[in-house]
Structures are given as C-alpha cells and as structure tokens.
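Visitor: I am new to this structure. Please show it to me, and then take my questions one by one.

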Amino acid sequence: MDNLGKNRPLFFLNDRLEFPDVETANEDGLLAVGGDLSPERLLLAYQSGIFPWFNEDALILWWSPDPRMVLFPSKLKISKSMQKVLNRNEFRFTKNTCFKTVIEQCASLVRKGQDGTWVTPNMIDAYCKLHEKGFAKSYEVWQDDKLVGGLYGIDLGHIFCGESMFSLVSNASKFAFIKMVQEFEAKAYKLIDCQIYTAHLQSLGAEEISRDKFAKVLKGEV
C-alpha cells in the first residue's frame, strides 16, 4: 500500500454516498481514501467494482484493480488429491451458521508475509451488519463438529465477492471454496470476484480479466 498517490491525484471521500469512476484509480488500483464503512457505502462499493482494503489504524482505502482476479464457476479446477478429499466425506459444509466466528477467525489468522490484518474490528462490525441485511454470507467447514475452515464475502445475486478465508486443518478452506463455487455454478452465477492475483487462486481456476470486462459483468451486460 505504498505510493498511495502514484501517477494520479487521490479522491478523498466525505459524507456523500459516492465514489469516483473506477477508471480514475491509479496504476495499483487505489481509487479513493476516507469515507466510512456503513452498510450503504460498502454495498455501493461492491456494486461498483470497488472494495476496501487497509491496515489497522489507517485511513480507509478503496480499490478497483486492473486487471481483476476472478473465477468463472464452470472453470473451477479440482485436483485429484482434492477430489479424494471431497469423496471421503471428511468435512461437513454449512452456510451462514456462524458468520461472526468465521470473520473473526479470518482476522486472527497469521498469514505469511503480512504484518497484522486488514480485517479490523470496525470491518468485522461493518460486515456483520451487512450479514444481518442478507448481503454478507459465510461458508463453513466442520470436522468432528469443530469449525476448521471457512470463508466470507458479499453476495450480489449474480456475483459473489470473496473477501477472506481461513483454515485450521489442511484443505479446509479449499474444501469450502470448492463447495461454494459448485453451489454458485448450479445457481448460474456469472463469476466469483477474487480481487487480486494469487498462485493459489490460479491453481483453482481463477484468472485475470480487465476492469472494463469485470464492470460489464457487474452491470449484467455480458
């Protein structure tokens, strides 16, 4: 998150419920600074192809990267080893049974190469409010009645915007992701928004598309 204003002036949000055009984002995808995490602003952000991502005790940063990492449900890749895990019925899969616990686990998980977490207490509160309104969803994985993995994100009805996942045992978060994608494919969702490239997501079939194409999918134009 260095060089916040790289190449373009930053747009500072105020109390008005608005965002600048995503095409004004800088080369790293940073679009705007400030504002709040109200359910209304968060929902507008996701509907506009924007998401918050910032460190603790910092200004709220809003991003719309180009390219965008997404997964088209029909392109999901399941390795032979994961297919064996699926076939063993080792895990139990549920939806929306413990949203706050899932997001708290995502916040507490220590991730290699990261100092702290972007899932701050204010973020947890904000997404719990979105969950109460039916937009934020969680997917959980259980082993012997213990929560061992899961993920959460924003459900826009035709696109699911994934936010974070956690795993306490091997393959648990991957199991949650696969089961979720299979559900969305059955419901004819257009794509799962993965936001930013990682090799792990690519191994599951995710790919990068242009911000313009992503915006068109959001608007239902493709």
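Guide: First, a term: a nonpolar core is a set of buried Ala, Val, Leu, Ile, Met, Phe, Trp, Tyr and Cys residues joined through side-chain atoms within 4.5 Å. Buried means under 20% relative accessible area, exposed means over 50%, and partly exposed lies in between (1.4 Å probe, protein chains only). This is a predicted model, where local features need pLDDT of at least 70, side-chain atom pairs count only at pLDDT 80 or more, and totals for chains, interfaces and linings use all residues. Residues are numbered from 1 along each chain as its sequence is written, and side-chain values use heavy atoms, with hydrogens and water left out.

Visitor: Which residues touch the most other members of the largest nonpolar core?
Guide: That core has 49 residues. Two of them touch the most other members: Trp62 and Tyr127.

Visitor: Which helix gives the most to this core?
Guide: Helices (H or I, at least four residues) and strands (E, at least two) are DSSP runs, numbered from the N terminus. The top contributor spans residues 121–132 and gives six residues. It is helix H4.

Visitor: How many residues are in the other core?
Guide: This core lies apart from the one just described. Its members include Met82, Phe175, Cys194 and Leu204. The count is 27 residues.

Visitor: Is aspartate 193 buried or exposed?
Guide: Aspartate 193 lies in strand E10, residues 191–195. Its relative accessibility is 0%. Therefore aspartate 193 counts as buried.

Visitor: Which side chain makes a polar contact with the side chain of aspartate 193?
Guide: A polar contact is a pair of N or O atoms within 3.5 Å; within protein, one must be able to donate a hydrogen and the other to accept it, and residues adjacent in sequence count only if both atoms are side-chain atoms. Here the distance is 2.8 Å. The partner is arginine 68.

Visitor: Where does glutamine 195 lie, and which side chain does it join in a polar contact?
Guide: Glutamine 195 is in strand E10 too. It is buried, with a relative accessible area of 10%. The polar contact is 2.7 Å, and the partner is glutamate 163.

Visitor: How many residues of strand E9 are buried?
Guide: Strand E9 covers residues 159–167 and is mostly covered. Phenylalanine 160 has its place there, and it is buried at 0% relative accessible area. Of the nine residues in E9, the buried ones number eight.

Visitor: In what sense do E8 and E9 pair?
Guide: Two strands pair if DSSP finds at least two bridges between them. Strand E8 (residues 146–155) shares seven bridges with E9. One of the partnerships sets tyrosine 152 against serine 164. The sense is antiparallel.

Visitor: Which residue in the hairpin of E8 and E9 takes a positive phi?
Guide: Three residues sit between the strands. The phi in question is near 95°. The residue is glycine 157.

Visitor: Do E9 and E10 run parallel or antiparallel?
Guide: Three bridges join these strands. Cysteine 161 has aspartate 193 as its bridge partner in E10. With helix H5 (residues 172–186), they make a right-handed β-α-β unit. Right-handed here means that, with the strands pointing away from the viewer, the path from the first strand over the helix to the second runs clockwise. E9 and E10 run parallel.

Visitor: Which residue in E10 stands opposite leucine 71?
Guide: Leucine 71 belongs to strand E5 (residues 68–71), where Arg68 and Val70 point one way and Met69 and Leu71 the other, all buried. Three bridges join E5 to E10, in an antiparallel run. Opposite leucine 71 stands isoleucine 192.

Visitor: Which strands stand at the edges of the open sheet of four strands?
Guide: The order is E1-E2-E4-E3, with mixed pairing. Each edge strand has a single partner strand, so one side of each is left without a neighbour in the sheet. They are E1 (11–13) and E3 (51–52).

Visitor: How many disulfides does a search of the whole structure find?
Guide: A disulfide is a pair of cysteine sulfur atoms within 2.5 Å. For cysteine 128, the nearest cysteine sulfur is that of cysteine 98, 11 Å away. For cysteine 161, it is that of cysteine 194, 9.9 Å away. The search finds zero.
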